[in-house]
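Work through the exercises below with the sequence and the structure side by side. Try each task before reading its solution.

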Amino acid sequence: MKILVVVLMAVTWAELSGALDNGLALTPPMGWLTWERFRCNLDCVNDPYNCISQNLLMQMAELMAEEGYLNAGYNMISLDDCWLAHERDEQGRLQPDPDRFPSGIPALANFVHGKGLKFGIYEDLGTKTCAGYPGVLGHLQTDANTFAEWGVDYIKLDGCYSSQEEMDEGYPQFGMYLNNTKRPIVYSCSWPAYQNDPNYTAIINSCNLWRNFNDIADSWTSVTTIIDHYGDNQDVLAPLAGPGHWNDPDMLIIGNFGLSYDQAKTQMAIWSILAAPLIMSVDLRDIRPEFKYILQNQRVIAIDQDPLGIQGRRFKKSGSIEFWLRPVTPVDNDNHSYAVGILNRGDSTPTKVIYATLKEKEG
Ligand code: GLA
């Protein structure tokens, strides 16, 4: 214990100043997103149950409200790619695919709001979305206004089909147009994920959250690669996070096919230590109870949502064992409490993450 306290004092928990202050995302956003689980499934004829459609969103919104997710803090549901029609309308405005979204986006947003949830949508800064649908480049103001008129509360703006210069100019501009609508819209950027040497000063000034790294896939290897990225780059990444502005290691894949029960607990634990957005991408219609329990674990969510908003760090790595620490409330006489994650990545025993909150002691 003595050693732990001494080393703790040497860790820097500083946060960068000068970040976006639009009053939103004061704790990491929590919600549900279509992408990792449902991808770009367009086949509503042969696979009506799983295709990207208004029905899918409405079913998930109902389950979020009825099955305890909303109460646990997951208060947003979002479309990802593949909701758009291939052409803009005669006025140059975006429109959804008419077969899969016959009621239109405002009606869907209304339905979602009626369930007590925020409504999110996906677009891309470039000429096209990653899946090839119309992007916002050349239409930034029109599209920001359209989203506000439709009742959008959260936008994920991807970075496919745009150059470094277009991103450096376009992401702040789109953020400005969103602010000008006066509608509170959480702004999720993918800007740094597409650059080798991102200008984080500009990024934290414009975005509420940002993807830094590769897309998550439904596997333990993908989860550990992401954990390593945030551990290996923590001196750059951790100080960027704080109330209103968060690093985004990508969606929770808990409840899908790739993670065991213990691996799923690990993703939830490390994401919470990282002050990560908790964005599920799972079929809530048939999720197993043990995974639902992990996703709704109030004690772990409380760590993720800690109001200090300090991103935790990999404090020690010794063979296959890692110690992760995050300063959290309560703060007593300037001393933080700490959330601790102990991760065993060895092959011979099950991976376990154990939580504890330690009081930092003087000396
Ligand atoms: C990129 C993003 C993913 C998803 C897809 C959609 O790969 O990183 O999260 O939005 O595009 O095409």
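**Exercise 1.** Find the residue that stands opposite Ile 77 in strand E3, and describe how E3 is paired and enclosed.

Step 1. Opposite Ile 77 stands Phe 119 of E3. Helices (H or I, at least four residues) and strands (E, at least two) are DSSP runs, numbered from the N terminus. The model is predicted, so local features need pLDDT of at least 70 and side-chain atom pairs pLDDT 80 or more, while totals for chains, interfaces and linings use all residues. Residues are numbered from 1 along each chain as its sequence is written, and side-chain values use heavy atoms, with hydrogens and water left out.

Step 2. Strand E2 (residues 76-78) runs parallel to E3, and 3 bridges join them. Two strands count as paired if DSSP finds at least two bridges between them.

Step 3. Between E2 and E3 the chain passes through helix H5 (residues 105-114), in a right-handed β-α-β crossover. Right-handed means that, with the strands pointing away from the viewer, the path from the first strand over the helix to the second runs clockwise.

Step 4. E3 is also joined to strand E4 (residues 154-158), in parallel, by 5 bridges. Asp 124 has Asp 158 in E4 as its bridge partner. The chain goes from E3 to E4 through helix H6 (residues 140-150), and this β-α-β crossover is right-handed.

Step 5. Strand E3 (residues 118-124) is largely enclosed by the rest of the structure, because 6 of its 7 residues are buried. Buried means under 20% relative accessible area, exposed over 50%, and partly exposed in between (1.4 Å probe, protein chains only).

**Exercise 2.** Describe the shell of residues around the ligand and its polar side-chain neighbours.

Step 1. Residues around the ligand include Trp 35, Asp 80, Tyr 122, Lys 156 and Asp 215. A residue belongs here if one of its heavy atoms lies within 4 Å of the molecule.

Step 2. By class, the shell holds 5 nonpolar, no polar and 6 charged residues. Ala, Val, Leu, Ile, Met, Phe, Trp, Tyr, Cys and Pro count as nonpolar, Asp, Glu, Lys and Arg as charged, and the others, Gly among them, as polar.

Step 3. An N or O atom in the side chain of Asp 81 is 2.7 Å from an oxygen atom of the ligand. For a polar side-chain atom of Asp 158 the distance to a ligand oxygen is 2.9 Å. For an N or O atom in the side chain of Arg 211 the distance to a ligand oxygen is 3.2 Å.

Step 4. On its own the ligand has 310 Å² of accessible area, and the protein covers 90% of it. Such areas come from the Shrake-Rupley method with a 1.4 Å probe; for residues, only the protein chains shown count as cover.

**Exercise 3.** Trace the pairing of strands E9, E10 and E11.

Step 1. Strand E9 (residues 313-318) pairs with strand E10 (residues 321-332) in the antiparallel sense over 5 bridges. Lys 317 has Glu 322 in E10 as its bridge partner.

Step 2. The hairpin of E9 and E10 has 2 residues between the strands, and Gly 319 takes a positive phi near 60° there.

Step 3. E10 also pairs with strand E11 (residues 335-344), antiparallel, over 9 bridges. Ile 321 stands opposite Asn 344 in E11.

Note on methods. A polar contact is a pair of N or O atoms within 3.5 Å; within protein, one must be able to donate a hydrogen and the other to accept it, and residues adjacent in sequence count only if both atoms are side-chain atoms.
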